[in-house]
Amino acid sequence: MSDRTCPSCNIEFKFPSKLKRHFESSYHCKKTDEEITDYFKDTDDNDNIIKCDSCLKTFTRKSSYTRHQNMSSCRRQENATILESLTPDQIKIITNIIKQKPSKTNISNNNLTNSNNTINNNINNIINNNNNSNNTIINNNNTIIQHINPFGFEDVRTIPITEMKQTLMFGPEAGIEIIKTIYNKIENKNFYKPNISKPEIACLNKDFNLTIYKSREFADALFDRCIAFLHHMLYLCKNEYTKHNIRYIYDNIEHIETTMRTEIYDKKLKTIIETEFLNNNINNKDRIKKFIKKFREDTDIKDNSLLQIKNTLDLKENNNNEYKISITSLELNNVFGDPKIILGLRKEEIILNLRISRFEESIFYNFWMDRMKNIKKYVMNNKKASIGDIANLSKEENKIMTMLELIKMRVENNKGDDYLDLNINDEFRLEDIDEVISV
C-alpha cells in the first residue's frame, strides 16, 4: 500500500503528511498514534521517502522537506504540536501580525491589552482555520480561500458512514437530504449567479474555469448529481446492509429518479437554490474567482486539485464496476433451464390451458412467477452478487410483469382462433418443438 493512499477509503493524498493528518482527524479511517507510527514504519524502506527526525513527518520531495525544515517548528520542540500544521504563508501572516506596532494613541495599558488580545485572536483564528481544513489556501490579501471541488466532482467520502446510512434510509426525502448534506459544505459551494437578476448560473468546471447554465438546466444537473451521490453512498455503505436492504435502497433511488424529478424541483430544490443565492452568492462568487486565480498561479494547489479530481473519478469507476451485472442470463439458464425451450416443448399444452383457465392460474403465468421467485432467491443467497445483480432483479421483474400483461390481453382478446401468439420479442420467444428437436 502506498504511503500516500488510505487503506480504508482508498483516497490518495499528495503528501504522506496529509495522509497522517487524515488518519488523525477522519471519522471512519481514524488510527491511533501507535497505528500511525507502525503504518509509516512499513514504508521506511522506500528510498524516495524523507522523514523529519523531529516530528516524524515523511516527504516525497526534497524541496518539501527543506521547506518544512525552514518554516516548521521542529527547531523548537516545545511548540511543535501547534506550529507544524501551519503552511509557510500562514506563518508569514502570524509574523506580520506580531510585528505590528500599536499607534501612539494606543499607549494606555488598556489599549495595549486590547491590541495584544487582537493579535492573539488573529493568530488563533489562523490556527483554527488551518485545523478545520486540510485544503485551505491563503491569497495575497490574507483572505482564507477554501479548496473548491468542481461541479460534478464533489466527494461524498467526506461524509461519515453513519450519516450516509441515515441519508439513504430517508426514503423519498433522501434526494433532498443529500443535496443539503453535500452543498452545505464550503468546499462544495461551486456555483453562483454572475447577475442576481438574470437566470444564468456559473459553475466551477473540471478544467477550473466557469460553465454557464440556464436556471432549469442547472436544476436538472443538480438533480442528476443528487442521484449520483446516492448511488456512490450505497456503494460505500454496501457492507453495512443486507442484500434486501440494498434492494430497497436501490429501488427508492430509482423511484426518486424516475417519478419525483418534477416534484422535487417544484417543491424543494428550487427553494434550496434560491436560498443559496440569497444568502451566499457574493461570498461564493468571490471565493470561486480567487480560487481559480490561485489554481492558475500555484502549482501545488493545481496538483492537489487535480489529485482530488482523480480520487473522485476513481470512486466513480469503482461504483460503476459494482453496478455491473456479474450473474448473467446464461448462468441463470444453466441453473433453472432456458425458458424458450422449456415453454416451447409444452407450447400446445400451454395454449390450451390458457383458453380454459383463469390467466393468473395458468401454467404459463405460474411458470414465470416461480422462475422469478427462484432467481431472486438464487441472487440473494449468492456471495458474489453485486449491487448490479441485486438492482437487476427489479428490472427483470418489471420486464416479466409487462410481458405477462401483454399476453393476458392477447388471451382475453382471442375469440377462439386456433392461433395464439405467445411471443413478445426475441427475449420472450418460445422455441417451436420442431426447432428444439432438430437442435
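In this predicted model, three strands form an open sheet in the order S5-S6-S7, and their pairing is antiparallel. The edges of the sheet are S5 and strand S7 (210-213), each of which pairs on one side only. Strands of a sheet pair through backbone hydrogen bonds, in either a parallel or an antiparallel manner. Here, strand S6 (residues 201-204) is joined to S7 by four bridges, the two strands running antiparallel, while two bridges join S5 to S6, again in antiparallel fashion. Cys203 is a handy landmark for following this pairing: its bridge partner in S7 is Thr211, and Cys203 is also the bridge partner in S6 of Phe191.

The link between S6 and S7 is a hairpin with five residues between the strands. Within that turn, Phe208 has a positive phi of about 60 degrees. As for side-chain direction, a regular strand has side chains that alternate between the two faces of the sheet. In S6, Ile201 and Cys203 point one way, whereas Ala202 and Leu204 point the other way, and all of these residues are buried.

Helix H9 lies across S5, S6 and S7, and runs at about 110 degrees to S7. H9 also packs with helix H11 (residues 261-297), at an angle of about 105 degrees and with the axes 11 Å apart. Because of this angle, H9 counts as roughly perpendicular to H11. On the H9 side, the residues that meet H11 are Arg216, Phe218, Ala219, Asp220, Leu222, Phe223 and Asp224; their counterparts in H11 are Arg261, Ile264, Tyr265, Asp266, Leu269 and Ile273. Sorted by class, this contact has eight nonpolar and five charged residues, with no polar ones.

A further helix pair is made by helix H16 (residues 363-380) and helix H17 (residues 387-413), which pack at an angle of about 180 degrees with their axes 11 Å apart. H16 is therefore roughly antiparallel to H17. The contact draws on Phe364, Trp368, Met372 and Ile375 of H16, among others, and on residues of H17 including Leu393, Ile400, Met403 and Leu404. Its composition by class is 15 nonpolar, no polar and four charged residues; among the charged ones are Lys376 of H16 and Asp389, Glu396 and Glu397 of H17.

Turning to the interior, nonpolar side chains tend to be buried together in soluble globular proteins. The largest nonpolar core of this model has 71 residues, and Ile178, Phe364 and Trp368 are those with the most contacts inside it. Helix H9 (residues 215-236) gives the most to this core, namely 12 residues. A second, separate core has 12 residues, including Ile148, Tyr192, Leu204 and Ile288. Phe364, from the largest core, touches Leu343, Ile350, Leu354, Phe359, Met403, Leu404, Ile407 and Leu430, leaving aside residues up to four places away in sequence.

One charged residue is also worth a look. Lys189 sits in the loop between helix H8 (174-183) and strand S5 (191-192). With a relative accessible area of 11%, Lys189 falls under the 20% cut-off and so counts as buried. Apart from residues up to four places away in sequence, Lys189 touches Ile148, Tyr183, Asn184, Glu276, Asn280, Asn284, Arg287 and Ile288. Among these contacts, Ile148 and Ile288 are also included in the second core.

Notes:
Residues are numbered from 1 along each chain as its sequence is written. This is a predicted model: local features need pLDDT of at least 70, side-chain atom pairs count only at pLDDT 80 or more; totals for chains, interfaces and linings use all residues. Side-chain values use heavy atoms; hydrogens and water are left out. Buried means under 20% relative accessible area, exposed over 50%, partly exposed in between (1.4 Å probe, protein chains only). Contact means heavy atoms within 4.5 Å. A nonpolar core is a set of buried Ala, Val, Leu, Ile, Met, Phe, Trp, Tyr and Cys residues joined through side-chain atoms within 4.5 Å. Axes are lines fitted to C-alpha atoms, for helices over the stretch in contact, and angles run from 0 to 180 degrees between N-to-C directions. Angles under 35 degrees count as roughly parallel, over 145 as roughly antiparallel, 65 to 115 as roughly perpendicular and the rest as oblique. Two strands pair if DSSP finds at least two bridges between them.
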